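I opened my notebook for a friendly walk through one model. Here is what I looked up, entry by entry.

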Amino acid sequence: MKRLDLYKSCVGMLEQAEVEDAEFDALCIFQDMLGDKLPLFCPQEEVPAEAEQRILSLVSERCSGRPLQYLLGQWEFFGYPFCVGEGVLIPRPATETLVENVIEICRREGMTHPHIIDLCSGSGCIAIALKKELPGAEVTALELSEKAFGYLEKNIALNGAEVRAELCSVTDPETASRFRDMDIIVTNPPYLTPEEMASLQREVRHEPEQALAGGSDGLDFYRIIASLWRDTLREGGWLCCEYGDGQHEDVKKILLENSYGNITLCRDLAGIMRTASAQKTGG
Ligand SMILES: C[S@@+](CC[C@H](N)C(=O)[O-])C[C@H]1O[C@@H](n2cnc3c(N)ncnc32)[C@H](O)[C@@H]1O
């Protein structure tokens, strides 16, 4: 079949399956399978039979709700490539705001060799992007899920980033007790409520529950991290976190209750309250 004809029929299949952005998804699958950034530049070119079969098979998986990023096996975050698949959270554009917050704090405070720890690291997108942008930083990434940890290690190698990764639980006091004098704790922990978990979009249901569920009110990890990890920060160090839509007041309250000061809340590029930076001040 010719490229354009196949493309149109794939878009039709995706639209019928109510895939949100059918044209974008079809284009990404074409780019990946044909190894061509502009696959429709020669619309009348014949697609080899084997490639056509592979494209149709991916499109039909996509129609069943499997996320595009898992089908492609790689996704970009902060301009860097990340391997993704079942068992690891897909890096979201909103999380780039959190990375920007940390870079901004380091630049503003002239920290050229900051000690940074990324809690709940998943694919490692935050830790790795920070190490690439702040080469003098010493970055550690902690993750509990073995499957996610496999991706974290793969992504460290893929990006040639010197990030130290550990498979452990951030809710374990023994883990926290091994770290001291950190300049920055950064975290995008699980933060969905049971109600949100019950009404997830079809694609998100393919992502690991352990990466999403944040306890009865979605805030368990903020309470634990704000208190348990406070002692790991040096005086004047920063805790930077991402949270869900509508959680900003609750997260701010948790930070205040744990004696953090200079709290700044930020919106992501979609205009949604998304991140907090808070400083460990005396007390
Ligand atoms: C919302 S995802 C964030 C992943 C990644 N930081 C990102 O921004 O894409 C939360 C991650 O926390 C991990 N996690 C859940 N409980 C944990 C725990 N007790 N200790 C360490 N990591 C945990 C999950 O496996 C998941 O990878």
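**Domains**

I began with the distance between the two domains: the C-alpha centres of domain 1 and domain 2 lie 36 Å apart. Domain 1 covers 3-64 and domain 2 covers 88-280; such bounds come from an automatic or database domain assignment.

A note on ground rules: this is a predicted model, where local features need pLDDT of at least 70 and side-chain atom pairs count only at pLDDT 80 or more, while totals for chains, interfaces and linings use all residues. Residues are numbered from 1 along each chain as its sequence is written.

**Overall shape**

I found eleven helices and nine strands in the chain. Helices (H or I, at least four residues) and strands (E, at least two) are DSSP runs, numbered from the N terminus. The radius of gyration is 21 Å and the globule rule gives 19 Å for 283 residues, so the chain is as compact as a globular protein of that length. For the record, that radius is taken over C-alpha atoms, and the rule is 2.2 Å times the number of residues to the power 0.38. Along the principal axes, the C-alpha atoms fill a box of roughly 70 × 40 × 35 Å.

I then looked up contacts, which need C-beta atoms, placed from the backbone, within 7 Å. Among contacts with a separation of 6 or more, 66% join residues 24 or more positions apart.

**Burial and cores**

My burial scale counts other C-beta atoms, placed from the backbone, within 10 Å of a residue's own: 20 or more is buried, 12 or fewer is exposed, and in between is partly exposed. Buried residues make up 40% of the 283 residues.

A nonpolar core is a set of buried Ala, Val, Leu, Ile, Met, Phe, Trp, Tyr and Cys residues joined through C-beta atoms within 7 Å. Which members of the largest core touch the most other members? I noted Val102, Leu130, Ile184, Ile185 and Leu239, out of 61 residues. Helix 6 gives the most to this core, with six residues. A second, separate core has 14 residues, including Cys10, Ala22, Phe30 and Leu58.

I followed Leu239 further: leaving out residues up to four places away in sequence, Leu239 touches Ile185, Ala226, Leu233, Tyr260 and Ala278.

**Helix 10**

In helix 10 (residues 220-228), I found Phe221, Tyr222, Ile224, Ile225 and Ala226 buried. The cover over these residues includes strand 3 (115-119), strand 6, strand 7 (233-242), helix 11 (248-257) and strand 8 (260-267).

The loop between helix 10 and strand 7 holds Asp231. Asp231 counts as partly exposed because it has 13 C-beta neighbours inside 10 Å. I also took the distance from Asp231 to Pro39, 192 residues apart along the chain: their C-alpha atoms are separated by 53 Å.

**Ligand shell**

I counted a residue as near the ligand if its C-beta atom, placed from the backbone, lies within 6 Å of it. Of the 22 residues around the ligand, Cys120, Gly122, Leu144, Asn188 and Ala211 come nearest. Helix 6 (125-133) and strand 4 (138-143) each supply at least two residues of the shell.

How many residues of the shell are nonpolar, polar and charged? The split is twelve nonpolar, nine polar and one charged. In this tally Ala, Val, Leu, Ile, Met, Phe, Trp, Tyr, Cys and Pro count as nonpolar, Asp, Glu, Lys and Arg as charged, and the others, Gly among them, as polar.

**Two positive phi values**

Most residues other than glycine have a negative phi, and I listed two that do not. Phe78 has a positive phi of about 55° and lies in the loop between strand 1 (74-77) and strand 2 (80-83). Asp181 also has a positive phi, near 55°, and its place is the loop between helix 8 (173-177) and strand 6.

Are Phe78 and Asp181 buried or exposed? Phe78 is partly exposed, with 19 other C-beta atoms within 10 Å, whereas Asp181 counts as exposed because it has 10.

**Thr193 and Lys147**

Thr193 sits in the loop between strand 6 (182-187) and helix 9 (194-198). With 17 C-beta neighbours inside 10 Å, Thr193 is partly exposed. Not counting residues up to four places away in sequence, Thr193 touches Asp217 and Gly218.

Lys147 is in helix 7 (residues 146-158) and is partly exposed, with 15 C-beta neighbours inside 10 Å. Leaving aside neighbours within four places in sequence, I found Lys147 in contact with Gly87 and Val88.

How values were computed
Two residues are in contact if their C-beta atoms, placed from the backbone, lie within 7 Å.
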